[in-house]
Amino acid sequence: HLYTFGNGGSAADAQHLAAELIGRYLRERRTLPAVSLSTDPSVISCISNDYGFEQLFARQVSALARTGDMVIGFTTSGRSPNITHGLAAARAAGAITALFTGSSGTGGPAAAHADHVLAVPTSTTARVQEMHLILLHLLSERVDTWAVASQRQN
């Protein structure tokens, strides 16, 4: 399973990636299990109220992610505490972690909890988000290619 999350425009990117995997990007293929954790207002308000916004994604990841799953956080700055805590929880659960970020290419504090960092070398939010769209489309294309090939083998 794949779990994605982000804040604001990064939440939209996280939702976009999950949607491409559940649906399809370029090719007809089987559906792939993907969920964006940024989409449920009841869960978001409950966790934020009871545990604080910083724990929003960590609580969800702790409930859902398991060894072998993949968790991807999106943060243009690399400094969002809820993204950092979410990736740390994913790692603790044994999931593979990835970070889409900017922060002048360093990934910020969130990068310390990511197995894979796709860092755009700028701190300009608009440029980071534009590049994240390109990167998530490139990833979607690769996943489509893999999924179609794996269907043919079965």
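Asp-144 is found in helix 5 of this predicted model. At 0% relative accessibility it counts as buried, because the cut-off for that class is a relative accessible area under 20%. A polar atom of the Asp-144 side chain lies 3.1 Å from the backbone nitrogen of Tyr-25. Once residues up to four places away in sequence are set aside, Asp-144 touches Arg-24, Tyr-25, Leu-26, Arg-27 and Arg-29.

Glu-141 is also found in helix 5, and with a relative accessible area of 32% this residue is partly exposed. Leaving aside neighbours within four places in sequence, Glu-141 is in contact with Tyr-25, Leu-26 and Arg-27, three residues that also appear among those touched by Asp-144. The C-alpha atom of Glu-141 is separated by 32 Å from that of Gln-55, with the two positions 86 residues apart along the chain counted as their spacing.

**The helices**

The table sets out three helices by residue count and by span from first to last C-alpha.

| Helix | Residues in helix | Span, first to last C-alpha | Expected span at 1.5 Å a residue |
|---|---|---|---|
| Helix 1 | 14 residues | 20 Å | 20 Å |
| Helix 4 | twelve residues | 16 Å | 16 Å |
| Helix 5 | 29 residues | 42 Å | 42 Å |

In helix 5, which runs over residues 125-153, the buried residues are Val-128, His-132, Leu-136, Ser-140, Val-143, Asp-144, Ala-147, Val-148 and Ser-150. An α-helix has 3.6 residues a turn, so residues three or four places apart point the same way. The buried residues of helix 5 pack against helix 1, strand 3, strand 4 and strand 5.

Helix 1 (9-22) has as its buried residues Ser-10, Ala-11, Asp-13, Ala-14, Leu-17, Ala-18, Glu-20 and Leu-21. What covers these buried residues of helix 1 includes strand 1, strand 2 (34-36), strand 3 and helix 5, and the packing of helix 5 against helix 1 is likewise found from the side of helix 5.

In helix 4, which spans residues 81-92, the residues Asn-82, Ile-83, Thr-84, Gly-86, Leu-87, Ala-89 and Ala-90 are buried. The elements that cover the buried residues of helix 4 include strand 1 (2-6), helix 3 (56-64), strand 3 and strand 4. Just after the end of helix 4, Gly-94 takes a positive phi of about 90 degrees.

**The largest pocket**

Rolling a probe the size of a water molecule over the atoms shows where empty space is left. The largest pocket has a volume of about 360 Å³, and its lining consists of 19 residues, of which His-1, Leu-2, Leu-21, Met-70 and Val-143 lie nearest the centre. Two of these residues have already been met as buried positions, namely Leu-21 in helix 1 and Val-143 in helix 5. At least two residues of the lining are supplied by each of helix 1, strand 3 (70-75), strand 4 (96-101), strand 5 (116-119) and helix 5. By class, the lining of the largest pocket divides into 15 nonpolar residues, three polar residues and one charged residue.

**Positions in loops and in strand 5**

Where does Ser-38 lie, and is this residue buried or exposed? Ser-38 is found in the loop between strand 2 and helix 2 (41-51), and with a relative accessible area of 12% it is buried. The side chain of Ser-38 reaches the backbone nitrogen of Gly-6 at 3.1 Å. Not counting residues up to four places away in sequence, Ser-38 touches Thr-4, Phe-5, Gly-6, Ala-11, Gln-15, Ile-44 and Phe-57, and of these Ala-11 is one of the buried residues of helix 1.

Ser-123 has its place in the loop between strand 5 and helix 5, where at 58% relative accessibility it counts as exposed. The C-alpha atoms of Ser-123 and Ser-104 are separated by 4.9 Å, although the two residues are 19 residues apart along the chain. Leaving aside neighbours within four places in sequence, Ser-123 is in contact with Ser-103 and Ser-104.

Ala-119 is found in strand 5, and at 28% relative accessibility this residue counts as partly exposed. The C-alpha atoms of Ala-119 and Arg-59 are separated by 25 Å, the two residues being 60 residues apart along the chain.

Terms used
Residues numbered from 1 in each chain as written. Predicted model: local features only at pLDDT ≥ 70, side-chain atom pairs only at ≥ 80, totals over all residues. Heavy atoms only, no water. 1 Å grid on protein atoms, 1.4 Å probe; cavity = no way out; pocket = protein on both sides within 12 Å on 5 of 7 lines; lining within 4 Å. Points joined across faces, edges and corners; volume = space filled by probe spheres on them. Helix = DSSP H or I, 4+ residues; strand = E, 2+ residues; numbered from the N terminus. Nonpolar A, V, L, I, M, F, W, Y, C, P; charged D, E, K, R; others polar. Expected span 1.5 Å × (residues − 1). Buried < 20%, exposed > 50% of the residue type's maximum accessible area, 1.4 Å probe, protein only. Contact = heavy atoms within 4.5 Å. Polar contact = N/O pair within 3.5 Å; in protein donor to acceptor, adjacent residues only side chain to side chain.
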